[in-house]
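Visitor: I have a structure open here and would like to go through it. Can you show it and take some questions?

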Amino acid sequence: MTSQPIVSVRGARRRYGSFEAVRGVDLDVHRGELVALLGTNGAGKTSLVELVEGLAPADGGEVRVLGHDPYRERRRIVGSLGIMLQSAGFSGDLTVAETARTWAGTLTRPRAVDEVLRAVDMAHRADVRVASLSGGEKRRLDLALATMGDPEVLFLDEPTTGLDPESRRATWRLVQGMLAAGTTVLLTTHYLEEAEQLADRIAILQGGRIVRSGTVADIVAAEPARLECVVRGRDGGALAPAVADLPVLAGVVGAPDIDHTGRLRLRTTALQDDLYTLLQWADARQLRLDDLDARSASLEQAFLAMDGAGTRAVDDTSEVAA
Amino acid sequence: MTTKTLASTSPAGGRPLPPPARSFSPRRVAVLARAELRLLVRNRTALFNALAMPPLTVVLFAAVGGIDAGTSAATGVMMVNLLVFMSLAFVVYYNLTVTYVARREELVLKRYLVGECSRVEILAGGAVPAFAVALAQTVLGIVAVSLVLEPPAFVNPLLVVVAVVGGAVMLTALAAATSGLSRTVESAQLTTLPLLIVAIPFGGLFGAPGASSGLFSTIGTFTPLRPITDLMLLGSAGIGDGGQVLTLGETFAAAAVPVAVLAGWTLLGALAARRWMRWEPRR
């Protein structure tokens with residue numbers, strides 16, 4: 001009975017004039033799961049999430065949330081959704097508590113306002129006018145409103161943008177608590193660490209298509225590890241050995257890079273074996289490997305590798321411009 | 001297919017919004033209205049405009065002898081009419097236009113729309129405080145005139161209710177439409193001018209009824225605020241188009257044209273609001 005996904009997207013497309021922002025996306029989110037959508041600005045994250053939130057009709061394909069078309073049958077499911085947009089406003093002259101109570105009054109099944117404000121650590125700011133809040137506090141109030149209706153499905157569009165590290169972690173704990181209680185979450189984020197912390201599965205969007213999806217481990221496993229050190233002689237002076245001097249490394253990807261300061265950089269799919277070989281090689285020649293840094297690939301690396309150089313940062317507002 | 005219109009016709013670059021929902025929950029409207037009332041009370045400028053402007057206008061005109069309809073009864077009726085007219089024009093039309101623009105620009109309309117509220121609920125929630133102020137001013141104006149001058153005869157009280165409530169609904173629709181043509185709160189001061197400038201001279205506010213005639217008067221009959229005056233005079237004093245005093249039965253017949261004009265402008269306002277009202281800022 002729970003095998004049917006809560007969110008199901010098949011071949012979804014979305015166009016703005018001649019520009020196609022979402023180009024045939026398939027995506028499932030199952031009950032109690034958190035799926036993170038990653039992508040650079042302009043990748044189509046918000047355009048896709050808006051289809052699922054029912055804020056716009058798909059120009060092709062099929063979108064289902066809780067078994068309904070989220071746009072055409074929005075009335076039937078809106079009471080079960082919690083939506084935190086990238087940008088939604090407040091009336092600055094209302095206090096935090098007044099804002100929250102007003103919102104609660106519009107919901108079918110509101111939770112207690114005090115409890116929700118406590119959960120986002122805003123209870124002590126309840127009597128403060130919204131205009132006086134910091135950006136991070138406003139974002140937390142935003143989250144409070146999104147979770148106020150005790151939603152079955154929660155959509156979070158960059159929920160921690162602008163938060164300090166402590167608030168970010170508090171937000172993560174709140175989302176984890178809701179996940180534990182069975183809420184299904186679809187989240188977009190720029191922060192890879194956030195996806196690593198929270199997501200059961202990740203989908204990486206690029207140019208309106210999902211280019212990779214799976215668990216963090218799946219995605220990272222496909223990415224080579226990194227090995228880096230500075231090769232020094234017995235006297236402590238940096239050496240710059242030629243690549244030909246290096247031992248044969250079984251898993252190395254591409255050519256190792258050695259600069260004039262003796263810094264060696266390489267990528268390998270067999271980190272343990274190649275590290276062992278390198279240490280043996282250095283030991284036999286009585287070389288020191290300073291600043292030795294051997295690490296498995298991170299999500300960030302996988303992400304950047306996928307995106308080319310990861311430099312296609314485009315301003316958010318141009319995301320939808322043709 | 002009405003469900004597609006708003007999102008799919010919004011210009012490229014405009015963010016999409018949910019399809020129009022038809023629900024109307026008095027509970028949700030009341031909650032939104034309460035928040036809006038708080039905001040009105042905390043905004044000194046808006047509060048002054050709402051509470052003080054209409055009565056001050058009446059006092060000012062009365063003081064310079066601008067309202068003199070001959071008898072004290074007729075003068076009292078004209079004063080109440082002027083008060084209702086100003087209240088609807090400024091508290092409902094002008095203030096509501098500014099309110100809708102302000103809520104849109106601070107992205108509050110968008111927030112409500114993404115939740116469970118329908119468009120009509122959001123518009124109504126914003127309008128309730130203005131309605132309440134206009135209604136209170138009408139009642140207080142009638143009381144004041146009754147004490148100082150002479151109580152209106154109230155030949156047909158129903159027409160007074162139609163004038164005040166119908167006028168408020170019509171001007172709410174027109175305010176929603178006008179807000180869509182106003183990029184900022186400041187520009188709403190300009191975009192609201194055409195209606196006010198056109199309607200006030202044709203409003204039949206000053207001088208004895210029936211004094212104007214001919215083409216000017218005929219055109220005036222069809223301007224949006226004129227039916228408010230016509231219905232107020234008919235309802236509160238039985239004064240007809242030509243200044244004659246009518247019986248209850250005759251006031252119903254005489255109300256046909258103003259009621260039709262009021263309904264027509266309400267319909268036009270609603271269509272214009274659907275066409276022009278914006279729920280989020282232009283980018």
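Guide: This is a predicted model. In it, 37 residues of chain A are in contact with 33 residues of chain B.

Visitor: How much area is buried between chain A and chain B?

Guide: About 3,200 Å² is buried between the two chains, and carbon and sulfur atoms give 55% of that.

Visitor: Which three residues supply more of the area that chain A buries than any other three?

Guide: Y71(A), R75(A) and T106(A) do, with 18% of the area that chain A buries against chain B.

Visitor: Staying with chain A, what does UniProt place there?

Guide: An unreviewed UniProt entry places the feature "domain: ABC transporter" at residues 7-232 of chain A. Over that stretch the chain is 32% helix and 30% strand. The C-alpha atoms at its two ends are 55 Å apart.

Visitor: There is an open sheet of 3 strands in chain A. What is the strand order?

Guide: The order is β2-β1-β4 in chain A, and the pairing is antiparallel.

Visitor: Which strands stand at the edges?

Guide: β2 (19-29) and β4 (60-65) of chain A do. Each has a single partner strand, so one side of each is left without a neighbour in the sheet. On average, neighbouring strands of this sheet are turned by 25° against each other, direction ignored.

Visitor: Does anything pack on it, and if so, what?

Guide: Helix α1 (residues 45-53) of chain A packs on the sheet and touches β1, β2 and β4 of chain A. The direction of α1 makes about 120° with that of β1(A).

Visitor: Back to the strands. Over how many bridges do β1(A) and β4(A) pair?

Guide: Strand β1 (residues 7-16) of chain A pairs with β4(A) over 5 bridges, in the antiparallel sense. Within these strands, S8(A) stands opposite R64(A) in β4(A).

Visitor: And β11(A), what about its pairing with β12(A)?

Guide: Strand β11 (residues 252-258) and strand β12 (residues 263-268) of chain A are antiparallel and pair over 4 bridges. V252(A) stands opposite T268(A) in β12(A). The two strands form a hairpin with 4 residues between them, and G262(A) takes a positive phi near 90° there.

Visitor: Where does H30(A) lie?

Guide: H30(A) lies in the loop between β2 and β3 (34-38) of chain A. Its relative accessibility is 29%, so H30(A) counts as partly exposed. The C-alpha atoms of H30(A) and T215(A) are separated by 14 Å, and the two residues are 185 residues apart along the chain.

Visitor: Now chain B. How many helices and strands does it have?

Guide: Chain B has 13 helices and 0 strands. Of the 283 residues in chain B, 53% are buried.

Visitor: What share of its contacts comes from residues 24 or more positions apart?

Guide: Counting contacts in chain B with a separation of 6 or more, residues 24 or more positions apart account for 83%.

Visitor: One residue to finish: T178(B). Buried or exposed?

Guide: T178(B) is buried, because its relative accessible area is 9% and the cut-off for buried is under 20%. The residue is in helix α8 (residues 157-180) of chain B.

Visitor: What does its side chain reach?

Guide: The side chain of T178(B) reaches the backbone oxygen of L174(B) at 2.6 Å.

Visitor: And which residues does T178(B) touch, not counting those up to four places away in sequence?

Guide: With those left out, T178(B) touches Y93(B), T97(B), T191(B) and T192(B).

Conventions: Residues are numbered from 1 along each chain as its sequence is written. Chains are lettered from A and ligands numbered from 1 in the order in which they are written. This is a predicted model: local features need pLDDT of at least 70, side-chain atom pairs count only at pLDDT 80 or more; totals for chains, interfaces and linings use all residues. Side-chain values use heavy atoms; hydrogens and water are left out. Buried means under 20% relative accessible area, exposed over 50%, partly exposed in between (1.4 Å probe, protein chains only). A polar contact is a pair of N or O atoms within 3.5 Å; within protein, one must be able to donate a hydrogen and the other to accept it, and residues adjacent in sequence count only if both atoms are side-chain atoms. Contact means heavy atoms within 4.5 Å. UniProt positions are given in the numbering used here, feature names are shortened, and annotations may be inferred rather than shown by experiment. Two strands pair if DSSP finds at least two bridges between them. Axes are lines fitted to C-alpha atoms, for helices over the stretch in contact, and angles run from 0 to 180 degrees between N-to-C directions. Buried area is the accessible area (1.4 Å probe) that two parts lose on being put together, summed over both.
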